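Thanks for making time this morning. I would like to walk you through one model, with the structure on the screen, and I will go slowly.

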There are 2 protein chains.
Amino acid sequence: MNDFAASLLKTFGADVVTLGDAISPKYRQDWAALAPVLPLALARPRDTAEVSALLAACHAAGVPVVPQGGLTGVSGAAHPDAGGIALSLERLNRIEAVDADGGTLTAGAGVILETAQNAAQDAGLMLGIDIGARGSCQLGGVLATNAGGNTVIRYGMARDHVLGLEVVLADGTVINGMNALLKNNAGLDLKQLFIGSEGLLGVITRCVLRLHPQPAARATAFLGCADTTATIALLRAARGALGPMLSSFEVMWPSFFHYMSRASGLGSPLAGEHGAYVIIEATGFDDMATRATLEDFFDKAFAADLVEDGVLAGSTREERAFWAVRESPADYEALLGPVIPFDVGIPIAHMAEAVARIESEIPQIFPTARVLSYGHIGDSNLHVVVNLPEAGRNQPHGAVKATVYRIVGALGGTVSAEHGIGLLKRDYLGHSRTATEITLMRQIKKMLDPKGILNPGKSFDQEVPS
Amino acid sequence: MNDFAASLLKTFGADVVTLGDAISPKYRQDWAALAPVLPLALARPRDTAEVSALLAACHAAGVPVVPQGGLTGVSGAAHPDAGGIALSLERLNRIEAVDADGGTLTAGAGVILETAQNAAQDAGLMLGIDIGARGSCQLGGVLATNAGGNTVIRYGMARDHVLGLEVVLADGTVINGMNALLKNNAGLDLKQLFIGSEGLLGVITRCVLRLHPQPAARATAFLGCADTTATIALLRAARGALGPMLSSFEVMWPSFFHYMSRASGLGSPLAGEHGAYVIIEATGFDDMATRATLEDFFDKAFAADLVEDGVLAGSTREERAFWAVRESPADYEALLGPVIPFDVGIPIAHMAEAVARIESEIPQIFPTARVLSYGHIGDSNLHVVVNLPEAGRNQPHGAVKATVYRIVGALGGTVSAEHGIGLLKRDYLGHSRTATEITLMRQIKKMLDPKGILNPGKSFDQEVPS
């Protein structure tokens, strides 16, 4: 047994520290699905003081620490290190308070997102963060990765929901920034440093989140447009007509929609084929008015030739049908086999060019490649998945990524809109950030974590690209 | 003539560098109105490269630099230093682009806020930042102080509008973070460090701001409530009923409203007296629906006894009349004489106690004191002004501040909700931030500005309170 691991076990006890084969497989990888790794030890502290003591011990010994939440990240930021400890925050799972007047929720980092959503709902309010992994992901991980999701166009990224944060630094110092005020300009807003830092700067232990009023009504339309340019004109018109009622604007290109609607057997809500498919969701505080506003917008968009065809959902069942193909990526493995997935950001002005170039340049290299495109274009977020039917488990990740990220970089985009960098996108960070920016990121890490124990070798913790 | 100033003049020329008496009085103080100070030199660079060269020169010589925007700050963050140069960004005043599809505005730091608002409007969109000083303040200063204002409840603080930032560090290094994407999770979001840093960490030279759709309709109500508790219940109900249509929720306590409505001769929109006065503004995208929603809410609030009396504005003239007393603080000097103003944040749950304690404890010390309270309580922001009629220019700042900030600290509030710390609140930062937090702020400054040339001695650049 490793001496350091043994000393941790002795100090913190078997309830907190687990070693060797007793470490459940679930802590050995995250949803990035890299080859499982057994960490030196798994630590599951029960409170902030234990997180602090564990970090102080690792800092003193110079042992790496990989913070873990619900392990639902897809970039490998929570993938364990064979030479370090996995630090699970799952036991900091207490909702401490919901303040309905102030509109805030105070909770531990280990609270499951869906549990927090439900607590907000029980108080007649809403937590505006929602992602597919809501039933497994934990608040600490959601904030540490600045998660996005389906509601970003209306409520923003995870960062936009955070009022206060308690963070433990690498050496065990506790930064208590549990601010619950909507406005606080007293010195630097330190919490901003840790949100989205993927566990490289500190470990989030508690948070205060802002809640929103619960919309009482929802209306959904499924539309067919001529092309990407038409969807962008439609987006602009929708923003102007619906304002903050616009809660989703999802585009599926034919590459994605035709393939997935057929492969899944889900079919299309529309009879004909179009150059782009759009789901528009409006939420409001009055049922009749919400639906009427969306209907009115739809009529105007049709009259202005922004839309070729479309339907409005008349029931919750129809709404679900509109979303079914969009949500079919959960079944990629079954429908498509292993894929190379992308989560990139593209300035709206270059979205049409980006999709066209990606969908034409990859087949130039791999003629049999299937390239499927869809995205939250209201957030300038494009998802692309690539699959070579004949490649099975050996998809040509390197060559395909090089092509996509080269196009993204050339068009002023980002290699990660919402999924973060972690391990999987580390080598591509230089496409989206300058050497000066990466140097500054490293300098900040050096200051906060001088021994480099927090999530070493991930995201920006790398040699600066020349 | 100072040698360093002379060398700057020689290097950058008289078009950029001004010395001595030729420095206009306007650069010698900001709206904090501290005693005017003549800086060593005034530098007015014409582009980012000149900002960089000027900072590199000051860094090499260890000469302090005070960045200046529109000089409308009220905490003294832009107040010059007799031993340093004043660095005005006013000539970086170009609006580079408005992207109506992407919903972004790209501009230099010296662009006047109102100019940027107008450019957004010309493109059919809206910049959601609005503060009283809109005609003079500059974007760089607005972002460097994370300004608030009247629209925070709906659109957030200045921080929430920033997509990209170009910043020059103390040594002249240019950080080009002109991201225009709504989502970008590629490594650390470095811009967050500089927003609200009051010029202590770097100099903002350019920015990309997010624009919003322009609401087409507005409705305004002026209401009388029984007490603070009723206004908080009203706020919660308004959030639930109006959702994102709620664009202002301003409370005036009798101390403020009775005194100012009489002193200004503006009177009240309501016949009787109440325990609290509230202005509610709703904005929407449909004129009839916006007014109907506010009317409907008003009826329900009246039926639920949340409101004692109220009127809805039938015209723009009436709207202006509803806001007249709320905006009379611009005339404090004439109506009240010199005042001691406060901009504090208080958790909603303690708002009633905060107002009651401040309004009773100050007169216990100064029996003749007038203590007037009002605020953006939807943002947990309380403004209080104190005036001793007999004290003239010698208002007892120290004793009054000590009392107010003690109460604010005890109730978990902040000494600065939106105006920043600068020079005037420096000694009170410890009421709102822990020693650990202030130490970390200083550590970040030390890293970015090792010689301490940027705005030395302001905000958190101080001995850590014990």
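If you look at the place where the two chains come together, you will find the side chains of B:Asp101 and A:Arg236 joined in a salt bridge, with 3.6 Å from N to O. Please keep in mind throughout that this is a predicted model, and that the distances I quote are computed from it. The pair crosses between chains, since A:Arg236 sits in helix H7 of chain A, while B:Asp101 sits in the loop between strand S5 (95-99) and strand S6 (104-108) of chain B. Are these two residues buried or exposed? A:Arg236 is partly exposed, at a relative accessible area of 39%, and B:Asp101 is partly exposed as well, at 28%.

That bridge belongs to a longer list, because the count of salt bridges between chain A and chain B is eight, and there are also 20 residue pairs in polar contact between these chains, both residues being at pLDDT 80 or more. Which elements of chain A give two or more residues to the side that touches chain B? They are helix H5 (152-155), strand S9 (174-177), helix H6 (191-194), helix H7 (228-242) and helix H14 (435-448). The largest share of that side comes from H14(A), which gives eight residues. Sorted by kind, the residues on the side of chain A that touches chain B are 34 nonpolar, 30 polar and 14 charged.

Now for the extent of the interface. The size of an interface is often given as the accessible area lost when the parts come together. Here the area buried between chain A and chain B is about 6,100 Å², and carbon and sulfur atoms give 61% of that area. In chain A, the residues that lose the most area to chain B are A:Lys183, A:Asn185 and A:Leu188, which together make up 15% of what that side buries. In terms of contacts, 78 residues of chain A are in contact with 78 residues of chain B.

How do the two copies relate to each other? Two copies of a chain are related by a rotation about an axis and a shift along it. In this model, a turn of 180° and a shift of 0.0 Å along the axis lay chain A on chain B with an RMSD of 0.0 Å. The two copies are thus related as by a two-fold rotation axis. Moreover, 100% of the interface residues of chain A are also interface residues in chain B, so the copies meet through the same surface.

Let us turn to salt bridges within chain A, remembering that the count over all chains comes to 50. In one of them, the side chains of A:Arg44 and A:Glu90 meet at 2.6 Å, N to O. A:Arg44 lies in the loop between strand S2 (41-43) and helix H2 (48-61), and A:Glu90 in the loop between strand S4 (85-88) and strand S5 (95-99), so the pair ties together parts of chain A that are 46 residues apart in sequence. A:Arg44 is partly exposed at 22% relative accessible area, whereas A:Glu90, at 16%, counts as buried.

A second example stays inside one helix: A:Arg357 and A:Glu361 form a salt bridge at 3.1 Å, N to O, and both lie in helix H12 (residues 351-365) of chain A, four residues apart, or about one turn of the helix. An α-helix has 3.6 residues a turn, so residues three or four places apart point the same way. Of this pair, A:Arg357 is partly exposed at 24% and A:Glu361 is buried at 16%. There is also a network of salt bridges that links A:Asp15, A:Arg46, A:Glu50 and A:Arg91.

Finally, consider helix H8. In chain B, where H8 covers residues 254-264, the buried residues are B:Ser255, B:Phe256, B:Phe257, B:His258, B:Met260 and B:Ser261. What covers them includes strands S12 (217-225), S13 (246-252), S14 (276-284) and S17 (370-376), together with helices H11 (332-335) and H12 (351-365), of chain B. Just after H8(B), B:Gly265 takes a positive phi of about 75°.

In chain A, A:His258 lies in helix H8 and is buried, with a relative accessible area of 14%. Leaving aside residues up to four places away in sequence, A:His258 touches A:Glu273, A:His274 and A:Tyr277. The C-alpha atoms of A:His258 and A:Tyr277 are separated by 9.9 Å, and these residues are 19 apart along the chain.

Key
Residues are numbered from 1 along each chain as its sequence is written. Chains are lettered from A and ligands numbered from 1 in the order in which they are written. This is a predicted model: local features need pLDDT of at least 70, side-chain atom pairs count only at pLDDT 80 or more; totals for chains, interfaces and linings use all residues. Side-chain values use heavy atoms; hydrogens and water are left out. Copies are superposed by least squares on the C-alpha atoms of residues with pLDDT of at least 70 in both. Contact means heavy atoms within 4.5 Å. Buried means under 20% relative accessible area, exposed over 50%, partly exposed in between (1.4 Å probe, protein chains only). Buried area is the accessible area (1.4 Å probe) that two parts lose on being put together, summed over both. A salt bridge is a side-chain nitrogen of Lys or Arg within 4 Å of a carboxyl oxygen of Asp or Glu. A polar contact is a pair of N or O atoms within 3.5 Å; within protein, one must be able to donate a hydrogen and the other to accept it, and residues adjacent in sequence count only if both atoms are side-chain atoms. Ala, Val, Leu, Ile, Met, Phe, Trp, Tyr, Cys and Pro count as nonpolar, Asp, Glu, Lys and Arg as charged, and the others, Gly among them, as polar.
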